[in-house]
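Hi,

Here is the structure I promised to pass on. Have a look at it first, and my notes follow below.

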Amino acid sequence: MRFTVIMFLTMSFLFTAMGQKQHFYTKYTTRAGDIITTTLDHNLWDQLLKKYVDEKGNVDYYDLKKDKKKLKGYLGYLSSNAPDHSFSRNEKLAYYINLYNAATVYLIIDNDIPASIKDISGPFGQVWLKKFFTIGNKKYSLNNVEKGVLLKMGEPRVHFAINCASYSCPKLQNTAFTAQNLEQLLDKGAREFVNSDKNDLSDSSNPKLSKIFDWYKSDFTATGKSLVEYMNQYASNTIATDATIDYLDYNWSLNKQ
């Protein structure tokens, strides 16, 4: 059977206040027979990450604030290109991971860079419920994206990819997620977090783990593995199968440089 492949290239521009083109985004739509695939351009977010996020995942929020218009433009681009049936699973995961992280960074710089993200107000005192960005014409909160979309996709490594702008969170990768690098970055994030100082695996019989493994234990065990079995896929120091697990206090201090 022969398929005709047609590629549509859409470009959108972010303009400065003077009307000069500052950056363009590309959107590739490929059609092979009845199958349509969309690929988005996350290059601007990648540039911002590489410029303002260090290898530890800490963010130079004060200098990033100078590029607030670029970050806002990227969020606008995502809003205008909401996932649909033409998005592959990896493209959709990359979209929502980048959206969550970019929106979180924007929330911090748009609220005068507080000492903690939890200092920002929201419904019922929860910043996670604050609806401050859009996908299409609908307003979303960070909670809508995390629990309403990402965690329903059956990929527990998402917990190591999204960053809540706090010290105890898995680090913010300084590379944007794409459909192509998704698997590599998810594995990298899992391995780095499990073996980071956010967990203490020095005593294999009594490890002290991040609260993330307590709060979201059911996500990690949904694959049929125990929590210890799941962690041992990535841990440099193997945890004993009969280990007594304790959990560390969570540090909500801002992950600033």
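**Pockets, a helix and a buried glutamate**

The lining of the second largest pocket splits by class into five nonpolar, three polar and two charged residues. Before you read on, keep in mind that this is a predicted model.

That pocket has a volume of about 190 Å³. The residues that line the second largest pocket are K72, L75, G76, S79, L99, Y106, F132, F133, T134 and K139. Two or more of these lining residues come from each of α3 (68-80), α4 and β4 (133-135). The biggest contributor to the lining of the second largest pocket is α3, with four residues.

Now for the largest pocket. Its volume is about 320 Å³, and 18 residues line it. If you want to find the middle of the largest pocket, go to Y100, E146, C164, Y216 and W252, the lining residues that lie nearest its centre. The elements that supply two or more residues to this lining are α5 and α7. The largest share, three residues, is from α5. By class, the lining of the largest pocket has 12 nonpolar residues, four polar ones and two charged ones.

Next, a helix you may like to look at: α6, which runs over residues 182-194. Does the length come out right? At 1.5 Å a residue, its 13 residues should span 18 Å, and the end C-alpha atoms are indeed 18 Å apart, so the two agree.

Which residues of α6 are buried? They are L182, L185, L186, G189, A190, F193 and V194. Looking down the axis of α6, you will see these buried residues fall within an arc of 150 degrees, so they line one face of the helix. As for what they pack against, the partners of the buried residues of α6 are α4 (89-109), α7 (212-215) and α9 (227-232).

One more residue to click on is E155, which sits in the loop between α5 (142-148) and α6. Is E155 buried or exposed? Its relative accessibility is 10%, and buried means under 20%, so E155 counts as buried. Setting aside the neighbours within four places in sequence, the contacts of E155 are R89 and L186. L186 is also one of the buried residues of α6, so it is a handy place to start when you move from the loop to the helix.

Cheers

Definitions and conventions
Residues are numbered from 1 along each chain as its sequence is written. This is a predicted model: local features need pLDDT of at least 70, side-chain atom pairs count only at pLDDT 80 or more; totals for chains, interfaces and linings use all residues. Side-chain values use heavy atoms; hydrogens and water are left out. The expected span of a helix is 1.5 Å times one less than its number of residues. Buried means under 20% relative accessible area, exposed over 50%, partly exposed in between (1.4 Å probe, protein chains only). The arc is that of the directions from the helix axis to the C-beta atoms. Contact means heavy atoms within 4.5 Å. On a 1 Å grid over the protein atoms alone, a cavity is a set of points where a 1.4 Å probe fits but cannot get out, and a pocket is an open set with protein on both sides within 12 Å along at least five of seven lines; lining residues have an atom within 4 Å of a point. Grid points are joined across faces, edges and corners, and a volume is the space filled by probe spheres set on the points. Ala, Val, Leu, Ile, Met, Phe, Trp, Tyr, Cys and Pro count as nonpolar, Asp, Glu, Lys and Arg as charged, and the others, Gly among them, as polar.
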